[in-house]
Amino acid sequence: MSVNGEAVRVGTGTDQTDEPGWEVDPDDDWALAVVATVGRQLRLRREAAGMRVGEFAVAVGYGEDLVYKIETGKRIPRPEYLDTADEVLDADGLVSAMKEDVRKVRYPKKVRDLAQMEARAVELQLYDPVNLHGLLQTPDHAQALFRMRRPRYADEEIERGVSARVARKAVFERDSSPELSFIQDEWTLRRRLGGTSVVRRQLEHLLEVGQLPNVEIQVMPMDREEHAGVDGGIEVLKFEDGTAVGRSPGVANGRPVHDPRQLRILELRYGIIRAQALTPRESAAFIEQLLGET
């Protein structure tokens, strides 16, 4: 298993049970249904081709255990697995076509739900006092953060987490780009997580993203004597129909809120933090200074 997405195949005579693929969230009904359907189709095609599991496993270059898990809906197959299976089963692209169905459920439900909301939002107000916001992270920075989690994540979990975080960046590429406002505490920019090269690339990325016409990045200096963000991070997403959803540890115990009164509290806090922080232009100059010091 590798975090750059390359499949690790088993060699001749190797019995490897924990192979490339993603575990299915037992509470994710839609993912369970999709993966079960894909697995059943793979099994039916394998049987129609007159191939036993062991024979098929050798032909595709993966272990029997993985084949069983995928065919019984216990494992989400990777795209390269489906491509190889398509060739072995002479399926004329029908098996490979299932990659689109798998793509929709490869990430955890909560990540999919968040990405869907971000995709619909016309305005996002985001303040993260702990880490760089996920939408701002480079893949290397995200990978470094996942590797620092304790208890340690398996390589598979790290890869899945990084891939999911990168996929959310599609919000920057939408035709009707939303307005994005980010506020970051200074110390989240000063930490040397991942090493010098990772930090430099991350700072360069912030400067690049900050130049987009629909993006504002502001830095909250550590020397401020007033800080309205002491209750934790804030996320407010506004939609075209006038509705909104917000979240913060200081409101409703961090649960998503839709109530106008609670949303008003979040927007009030965010507005004050925004006013207390450096302006976008001052923030860009500050990030350039940090880059020069790194």
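This report describes the open sheet of a predicted model, together with its strand pairings and a helix that lies across part of the sheet.

## Sheet architecture

Five strands make up an open sheet of mixed pairing, arranged in the order β5-β4-β3-β6-β7. The edge positions are taken by β5 (215-220) and β7 (244-247); each has a single partner strand, so one side of each is left without a neighbour in the sheet. From one strand to the next, the twist averages 5 degrees.

## Pairings of β3

Strands of a sheet pair through backbone hydrogen bonds, in either the parallel or the antiparallel sense. Strand β3 (residues 121-128) runs parallel to β4 (residues 179-185), and 6 bridges join the two. Within this pairing, Leu124 has Leu180 of β4 as its bridge partner.

With β6, strand β3 pairs in the antiparallel sense, again over 6 bridges. Here Gln125 is the bridge partner of Val236 in β6.

## The β6-β7 hairpin

Strands β6 and β7 run antiparallel and are joined by 4 bridges; Leu237 stands opposite Val245 in β7. The two strands form a hairpin with 4 residues between them. In the turn, Gly242 has a positive phi of about 95 degrees.

## Burial and the covering helix

Of the 6 residues of β6, 5 are buried, that is, under 20% relative accessible area. Strand β6 is therefore largely enclosed by the rest of the structure.

Helix α6 (residues 109-120) lies across β3, β6 (234-239) and β7. Relative to β3, helix α6 runs at about 125 degrees.

How values were computed:
Residues numbered from 1 in each chain as written. Predicted model: local features only at pLDDT ≥ 70, side-chain atom pairs only at ≥ 80, totals over all residues. Heavy atoms only, no water. Pairing = 2+ DSSP bridges. Axes fitted to C-alpha atoms, helices over the stretch in contact; angles between N-to-C directions. Contact = heavy atoms within 4.5 Å. Buried < 20%, exposed > 50% of the residue type's maximum accessible area, 1.4 Å probe, protein only.
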